[in-house]
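I opened this model to work through the strands one after another and to note what I looked up at each step. The entries below follow the order in which I checked things.

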Amino acid sequence: MLTLRVESGDYVAIGDNIFVQVYQVKDSTFALSIDAPKEVPIVRGELHEKTAACPESIRQRWRQHPPRKPSVRRVSAPDRH
């Protein structure tokens with residue numbers, strides 16, 4: 001998994017035809033603009049998880065750096081035995 005630090009206005013190119021731009025940042029939330037071909041499905045993580053598991057790479061990242069907002073509840077904290 002690639003992890004990048006970006007600021008408002010920055011964008012990431014995925015291949016030659018997918019672009020993701022951070023266009024608004026406020027406190028701990030931000031907005032993304034995604035430009036991709038119509039045949040590429042784009043869904044929020046919580047909708048994806050209704051039909052498939054959360055990707056292991058995301059779960060591992062959350063274990064290393066848990067989200068600060070308590071509203072993210074899809075991944076439980078690691079056991080502390």
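I began with Ser8, which I found in the segment before E1, and I kept in mind throughout that the model is predicted. I looked up what Ser8 touches beyond residues up to four places away in sequence, and the list reads Val22, Tyr23, Gln24 and Val25. For the pair Ser8 and Val22 I noted a C-alpha to C-alpha distance of 5.1 Å, although their positions lie 14 residues apart in sequence as a separation. Is Ser8 buried or exposed, or somewhere in between? I found Ser8 partly exposed, since its relative accessible area is 45%, and the range for that class lies between 20% and 50%.

Next I turned to the layout of the chain. I counted two helices and three strands, and reading along the sequence I wrote the pattern down as β-β-β-α-α. The strands form an open sheet in the order E1-E2-E3, with antiparallel pairing. Strand E1 (11–14) and E3 stand at the edges with a single partner strand each, so one side of each has no neighbour in the sheet. I also noted the turn between neighbouring strands of this sheet, which is 20° on average with direction ignored. As background I reminded myself that strands of a sheet pair through backbone hydrogen bonds, either parallel or antiparallel.

I then went through the pairings one at a time. How many bridges join E1 and E2? I found four, in the antiparallel sense, and in this pairing Ile14 stands opposite Ile18 in E2. The hairpin of E1 and E2 has three residues between the strands, and there I noted that Gly15 takes a positive phi near 65°.

For strand E2 (residues 18–26) and E3 I found seven bridges, again with the antiparallel sense. I looked up two of the bridge partners in E3: Phe19 is matched with Asp35, and Gln21 is matched with Ser33. The hairpin of E2 and E3 has two residues between the strands, and in this hairpin Asp27 takes a positive phi near 55°.

After the pairings I looked at the surface. For the chain I recorded an accessible surface of about 7500 Å², of which 51% belongs to carbon and sulfur atoms. Which residues make the nonpolar surface patch? I listed Val25, Phe30, Leu32, Ile34, Val40 and Ile42, which together make a patch of about 530 Å². Strand E3 (residues 29–35) supplies the largest share of the nonpolar patch, with three residues. Val25, a member of the patch, had already appeared in my notes as one of the residues that Ser8 touches. Ile42 I placed in the loop between E3 and helix H1 (45–48). Its relative accessible area of 46% makes Ile42 partly exposed, and the patch takes in residues with over 30%.

I closed with two figures for the chain as a whole. Of its 81 residues, 7% count as buried, where buried means under 20% relative accessible area. Among the contacts in the chain with a separation of 6 or more, 13% are accounted for by residues 24 or more positions apart.

How values were computed. Residues are numbered from 1 along each chain as its sequence is written. This is a predicted model: local features need pLDDT of at least 70, side-chain atom pairs count only at pLDDT 80 or more; totals for chains, interfaces and linings use all residues. Side-chain values use heavy atoms; hydrogens and water are left out. Buried means under 20% relative accessible area, exposed over 50%, partly exposed in between (1.4 Å probe, protein chains only). Contact means heavy atoms within 4.5 Å. Accessible areas come from the Shrake-Rupley method with a 1.4 Å probe; for residues, only the protein chains shown count as cover. Patches are made of residues with over 30% relative accessible area and no salt bridge: like charges are joined within 9 Å, nonpolar side chains (Val, Leu, Ile, Met, Phe, Trp, Tyr) within 5 Å. A salt bridge is a side-chain nitrogen of Lys or Arg within 4 Å of a carboxyl oxygen of Asp or Glu. Two strands pair if DSSP finds at least two bridges between them. Axes are lines fitted to C-alpha atoms, for helices over the stretch in contact, and angles run from 0 to 180 degrees between N-to-C directions.
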